[in-house]
Amino acid sequence: MSFHEIRLPTEISYGSAGGPEFSTDVIITSGGHEQRNINWQEARAKYNVAEGVKTAAQLADLIAFFRARQGRAYGFRFKDWADYKAVAENIGLGDGVKTSFQLTKKYSSSVIVTRKITKPVSGSVKIYKNGVLQNSGVTINYTNGTVSFAVAPASGNVISADFEFDVPVRFDTDRLSARIESYGINSWADIPLVEIRV
């Protein structure tokens, strides 16, 4: 999959709207009962960044960014200001053999949902072994979210992490359409983004 390791300017993403979405088919019987068929086990986020474009400079940045991504062709990083960090997140348990762990974030509401994090923010990841910060012997892959230890953590060692992360997205349109409301003032009805699986 074609992906550019570059983030949409955060001053544009700050004004965005959106969040996680599921796909569920709801079939209603003649008696009013429902059958719900779950199509996705994991959420897929959608965003609209039209409200984030407030200045001529931001507009120029967005147009350049859109052209460089060739519309829907290339994915990129996006900061979801409503959900972009994790603290003391348990990512695994040592067994004396395993050296690689995937960054994840858990969401708890009577059940626990685990989200795979593939785009951590460079320099933001801190790895702990039994609560002790690891300053050496650990390598972070910032393009896929894996954490690798030079020496396998001993059996029973709790591996946890603090980190910030981006959402891998693409534009969900091949066209930017602006309306000129007044001299130097443009408005955008919709600039959609959709999360991609990487």
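This report walks through the cores, sheets and largest pocket of a predicted model.

## Two nonpolar cores

Let's start on the inside. Nonpolar side chains in soluble globular proteins tend to be buried together. Here the largest nonpolar core has 19 residues, and Leu8, Leu62, Phe171, Ile191 and Leu193 are those with the most contacts inside it. Two or more residues each come from strand 5 (44-48), helix 2 (56-69), strand 6 (75-78) and strand 16 (167-171). Helix 2 gives the most, with 4 residues.

Leucine 62 is a good place to click if you want to see this core from within. Setting aside residues up to four places away in sequence, leucine 62 touches Leu8, Ile12, Val53, Phe171, Leu176 and Ile191. Apart from this core lies another one, made of 14 residues, including Ile91, Ile140, Phe163 and Phe165.

## A small open sheet

Next comes a sheet that is easy to trace by eye. It is an open sheet of 3 strands in the order 8-14-13, with antiparallel pairing. Strand 8 (100-102) and strand 13 (138-140) stand at the edges with a single partner strand each, so each has one side without a neighbour in the sheet. From one strand to the next, the twist averages 20°.

Strands of a sheet pair through backbone hydrogen bonds, either parallel or antiparallel. Strand 8 and strand 14 (residues 146-149) pair in the antiparallel sense, over 3 bridges. One pair to look for is phenylalanine 101, whose bridge partner in strand 14 is valine 147.

## Strand 15 and its partners

Strand 15 (residues 158-164) is mostly covered, with 5 of its 7 residues buried. Strand 7 (residues 85-93) pairs with strand 15 in the antiparallel sense over 6 bridges, and strand 11 (residues 126-129) pairs with strand 15, also antiparallel, over 4 bridges. Serine 160 is a handy landmark here: this residue of strand 15 is the bridge partner of asparagine 90, and tyrosine 128 stands opposite serine 160 too.

Alanine 86 belongs to strand 7. Its relative accessible area is 4%, so alanine 86 is buried. Beyond its neighbours up to four places away in sequence, alanine 86 touches Lys105, Ala161, Asp162 and Phe163. Alanine 86 and alanine 161 are 75 residues apart along the chain, yet their C-alpha atoms are separated by 7.7 Å.

## Threonine 104 in strand 9

Threonine 104 is found in strand 9 (residues 104-109). With a relative accessible area of 12%, under the 20% limit, threonine 104 counts as buried.

Who are its neighbours? Leaving aside those within four places in sequence, threonine 104 is in contact with Glu89, Asn90, Ile91, Thr114, Arg115, Lys116, Ile117 and Phe163. Some of these names appear elsewhere in this report: Ile91 and Phe163 are among the residues of the 14-residue core, and asparagine 90 is the bridge partner of serine 160.

## The largest pocket

Finally, the open space. The largest pocket holds about 530 Å³. Its lining is made up of 25 residues, and Glu42, Ala43, Tyr107, Arg115 and Glu195 lie nearest its centre. Arg115 is also one of the contacts of threonine 104.

Which elements build the lining? Strand 2 (17-21), strand 5, strand 10 (111-116) and strand 16 each supply at least two residues of the lining. Strand 10 provides the largest share, 4 residues. Strand 5 and strand 16 also give two or more residues each to the largest nonpolar core.

Technical notes: Residues are numbered from 1 along each chain as its sequence is written. This is a predicted model: local features need pLDDT of at least 70, side-chain atom pairs count only at pLDDT 80 or more; totals for chains, interfaces and linings use all residues. Side-chain values use heavy atoms; hydrogens and water are left out. A nonpolar core is a set of buried Ala, Val, Leu, Ile, Met, Phe, Trp, Tyr and Cys residues joined through side-chain atoms within 4.5 Å. Buried means under 20% relative accessible area, exposed over 50%, partly exposed in between (1.4 Å probe, protein chains only). Contact means heavy atoms within 4.5 Å. Two strands pair if DSSP finds at least two bridges between them. Axes are lines fitted to C-alpha atoms, for helices over the stretch in contact, and angles run from 0 to 180 degrees between N-to-C directions. On a 1 Å grid over the protein atoms alone, a cavity is a set of points where a 1.4 Å probe fits but cannot get out, and a pocket is an open set with protein on both sides within 12 Å along at least five of seven lines; lining residues have an atom within 4 Å of a point. Grid points are joined across faces, edges and corners, and a volume is the space filled by probe spheres set on the points.
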